[in-house]
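Colleague: Before using these coordinates, I should like to go through the fold and a few individual residues with you.

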Amino acid sequence: MRHRVAHRKLGRVTEHRIAMLRNQATALLRHEHLTTTVPRAKELRPFVERLITIAKRGVAGGEKNGHALTARRLVMQDLQDREVVTKLFDTLAPRFAERPGGYTRLLRIGYRKGDSAEIAQVELVGSEYDPKAKAKTEAGGEEPKPKAKGVGGRLRAAAERLRGSKKDEAEGGGSTNKATKPAKGSARRATTPRKAGGS
């Protein structure tokens, strides 16, 4: 029995599991969102929030007593990417300075097609991710939609983004016509009649 055992093993040995969490934490802090399975996302949240808390304490402690340097060294044990560590201390830690915890949000977005694993999007609070935002601003003229308020609005927006990509493919892919494709099972195989009896 696994009573009072804190973390999920995720089907991996300890070294592999820690390496996976470090890689996912690096990607989440770099891009401010990440799509993964729900159990991995639930394990990733406290891992990343601990790093953000260490960075907040380092920024608040200041440079004079070496708190910032100590905090950077503690974070560098888990994040080997210097650019991500710099972003964490320069932009993310000040953003969450007044927030007493809960820096990440987990949105369940459905089931994966291949193995039906439940998928979730983990994102940092305050970084509402829109994959089409860059394309809209580069196209010009169109203003982005106002941000949906509340978790229910965020779930609906995530679902619309997923459905929107499918609609765009259906509308944009007008060159393929159903009439030009042969219907499934229309081409029949030539079969030879079986001989009656015999060996």
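The exchange below concerns a predicted model.

Colleague: In what order do the helices and strands run from the N terminus on?

Modeller: The chain of this predicted model has six helices and three strands. Read from the N terminus, their order is α-β-α-α-α-β-β-α-α.

Colleague: What share of the chain's exposed area do carbon and sulfur atoms supply?

Modeller: Buried residues account for 30% of the 199 residues in the chain. The chain exposes about 14,600 Å². Of that area, the share from carbon and sulfur atoms is 52%.

Colleague: Among contacts between residues at least 6 apart in sequence, what percentage join residues at least 24 apart?

Modeller: One contact partner of isoleucine 52, not counting residues up to four places away, is Leu124. For the chain, taking contacts between residues at least 6 apart in sequence, the part that joins residues at least 24 apart is 58%.

Colleague: Is strand β1 largely enclosed or open, and which strand pairs with β1 over five bridges?

Modeller: Strand β1 covers residues 33-37, and four of these five residues are buried, so the strand is largely enclosed by the rest of the structure. Threonine 37 stands opposite isoleucine 119. The pairing runs in the antiparallel sense over five bridges, and the partner, residues 118-124, is strand β3.

Colleague: At which residue does helix α4 bend?

Modeller: Helix α4 comprises residues 82-95 and reaches 19 Å from its first C-alpha to its last, close to the 20 Å expected. At its start, a side-chain oxygen of aspartate 81 comes within 3.2 Å of the backbone nitrogen of glutamate 83. The bend is about 40 degrees, and it occurs at leucine 88.

Colleague: Against which elements do the buried residues of α4 pack?

Modeller: The buried residues of α4 include Val84, Val85, Leu88 and Leu92. An α-helix has 3.6 residues a turn, so residues three or four places apart point the same way. The elements against which the buried residues of α4 pack are α1, α2, α3 and β3.

Colleague: How far apart in space are isoleucine 52 and alanine 93, C-alpha to C-alpha?

Modeller: Isoleucine 52 lies in helix α2, and its relative accessible area of 0% makes it buried. It touches Leu29, Leu88, Phe96, Tyr103 and Leu124, leaving out residues up to four places away in sequence. Isoleucine 52 and alanine 93 are 41 residues apart in sequence, and their C-alpha separation is 6.3 Å.

Colleague: What distance separates the C-alpha atoms of leucine 29 and valine 48?

Modeller: Leucine 29 belongs to helix α1 and is buried, with a relative accessible area of 0%. Neighbours within four places aside, its contacts include Val48, Ile52, Leu79 and Lys87. Although leucine 29 and valine 48 are 19 residues apart along the chain, their C-alpha atoms are separated by 8.2 Å.

Colleague: Is arginine 4 buried or exposed?

Modeller: Arginine 4 lies in the segment before α1. Its phi is near 60 degrees, a positive value in a residue other than glycine. Its relative accessible area is 86%, over the 50% cut-off, and therefore arginine 4 is exposed.

Colleague: Is glutamate 32 buried or exposed?

Modeller: Glutamate 32 sits in the loop between α1 and β1, and its phi, near 65 degrees, is positive in a residue other than glycine. Its relative accessible area of 13% is under the 20% cut-off, so glutamate 32 is buried.

Notes: Residues are numbered from 1 along each chain as its sequence is written. This is a predicted model: local features need pLDDT of at least 70, side-chain atom pairs count only at pLDDT 80 or more; totals for chains, interfaces and linings use all residues. Side-chain values use heavy atoms; hydrogens and water are left out. Helices (H or I, at least four residues) and strands (E, at least two) are DSSP runs, numbered from the N terminus. Buried means under 20% relative accessible area, exposed over 50%, partly exposed in between (1.4 Å probe, protein chains only). Contact means heavy atoms within 4.5 Å. Accessible areas come from the Shrake-Rupley method with a 1.4 Å probe; for residues, only the protein chains shown count as cover. Two strands pair if DSSP finds at least two bridges between them. The expected span of a helix is 1.5 Å times one less than its number of residues. The bend at a residue is the angle between axes fitted to the seven residues ending there and the seven starting there. A polar contact is a pair of N or O atoms within 3.5 Å; within protein, one must be able to donate a hydrogen and the other to accept it, and residues adjacent in sequence count only if both atoms are side-chain atoms.
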